[in-house]
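Biologist: Could you walk me through this one at a gentle pace? I'd like to hear the reasoning behind each term.

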Amino acid sequence: MAGVDSGMVEKRGLGRWMTHLGLIIGLLFIFFPIWLAFVASTVTQPEIVKPPMPLLPGGHFFENYRRALVSGVNAPVAWMMLNSLIMALGIALGKIVISLLSAFAIVYFKFPGRRLFFWLIFMTLMLPVEVRIVPTYEVVANFGMLNSYSGLIFPLIASATATFLFRQFFMTVPDELAEAARVDGARPMRFFWDILLPMSRTNIAALFVILFIYGWNQYLWPLLITTDPSMNTIVMGIKQMFPSGDDTADWPVIMATSILAMIPPVIVVISMQKLFIRGLVDSEK
Amino acid sequence: MEKRVTFKGIWLPLLLVLPQLVVTAVFFFYPAGQAVYQSLFIPDPFGLSMKWVGLGNFEYLLGNSYYRASFVTTAVFSTLVTVVSMGVALYLAVLADRLIKGSGVYRTLLIWPYAVAPAVAGVLWLFMFNTRVGVVTWYLGVLGYDWNHVLNGEEAMGLVVVASAWGRISYNFLFFLAALQAIPRSVVEAAAIDGARFWTRFRTIVWPLLSPTTFFLLVVNIVYAFFETFGVIHTITGGGPQQSTTILVYKVFSDGFVAQDLGSSAAQSVILLVIVGALTIVQFKFIERRVHY
């Protein structure tokens, strides 16, 4: 009954079913594109190019995925996934390490230039790589870092989001801990290693999830600096699989690659969901 | 805020900040400075010398109808992306919040698009609306609608908006759900006992309490639409047809790398820099205010 339903906060009967129905419609909107990509990755090219394509999976799953992973279009997708993995891990770990060190220095030391340094890294929060893309490209080219992992990784760890996060966390660590360490005559690095680092474990893990996905999903930067197909990452490599001109795209392989491109980040997000949500809310607020 | 207890030493902390300092100096401050510097010059066609033009690049840009059109395109695009993704996310979050059991399952499923790269989202939506093989295109054809985003600028805009908004729903959903779950049940229940219907409760109690989150998401989503949707646009439309989906970031790329017009591209970078700076300041001001709540 509508009257009872709207008077109660906790939903029963019809109201509850309407709620589920609403959510399921939302899920359909979210999953239809993914489902269609999956279906396309299990059928043959003729089935796709003669629309409408089937809406249920076909029997060519292994064939299409093997073809994508082993030969791909320009480069084997397995190889591109390895490049993506190296890039994502490099960005996540690199950024975490340099940020932990500098946040430790900013919070636990008074050194000359501390304030200036703080404002310098603060400024990096404001500029995504997309904005300074041309000069950054020139720098990387001058270093001979085109088509290299360091070229893929370093420009993307040059921002201070993680430093801010660790700084905020270190500020909440009770002063007594550092005091005790100092009284015991512990060296600063011992305190960092034995006390601060273990305490930061969950923060580090949460940040790792976010940075891994950030790195894996990069598009514009790898597109610019990896001209050699063997250095392509999977996310930018998909677009390269489309033929220029009027030829028909190899849809089953392209869609298999799209599915492969989303599997690692989806696994990371789903399996570390609690940490991820915490990291997201912490880092953005 | 400062720590009461600090360690002694000067060289150790300098050594600790060195890696970050070097990386940001080389890959951030130097390129950003270069962008500002280059924006004041025009290189000759062979790239051998630079001619000082002062603010000429900026004057040229602001007088250029394509660039002004790109501003309008960006405004339309980011408004639509923000409204669509936040609207859908709020709708789903309100529903999930009504459930006593099972909201976790929906949350796990709704997180998916966050993990899908914008460029991959672009490919997925392109596939559905492809003019030759797209399933949705085909069924629209059956219904008598001739979908062609390759030729029709409005359809192209619609497609990149939906694909960009789709990828952003998870993010907004998580923030809205967290904010909704933070509202004390007793407040909403009290209104319910007073006989306030769902819509009245939402409008008078829930929505005002959500406003800090809504405002935060507004800023963050505009930044997302400005910068992170490059992959969507590059895969689906390539900025076309007739530049109808060329947003500012896309134009920096196409003028700088495709057309090799470095002075103009650098000037555009500087303009974007100012825009992001303003947005960031708004965001930080807002966060500061939020601390007092």
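Biologist: How many residues of domain 1 of chain A are in contact with domain 2 of chain A?

Modeller: 15 residues of domain 1 of chain A are in contact with 14 residues of domain 2 of chain A. Contact means that the C-beta atoms of two residues, placed from the backbone, lie within 7 Å. The largest share of that side of domain 1, five residues, comes from helix 4 of chain A. A helix here is a DSSP run of H or I with at least four residues, numbered from the N terminus.

Biologist: And what am I looking at, in terms of source and numbering?

Modeller: This is a predicted model, where local features need pLDDT of at least 70 and side-chain atom pairs count only at pLDDT 80 or more, while totals for chains, interfaces and linings use all residues. Residues are numbered from 1 along each chain as its sequence is written, and chains are lettered from A and ligands numbered from 1 in the order in which they are written.

Biologist: Why is helix 6 of chain B called mostly covered?

Modeller: A residue is buried if 20 or more other C-beta atoms, placed from the backbone, lie within 10 Å of its own, exposed if 12 or fewer, and partly exposed in between. Twelve of the twelve residues of helix 6 of chain B are buried, so "mostly covered" fits. Among them are P118(B), W125(B) and F129(B).

Biologist: What is the span of helix 6 of chain B set against?

Modeller: The expected span is 1.5 Å times one less than the number of residues. Helix 6 of chain B (residues 118–129) reaches 16 Å from its first C-alpha to its last, close to the 16 Å expected.

Notes
Helices (H or I, at least four residues) and strands (E, at least two) are DSSP runs, numbered from the N terminus.
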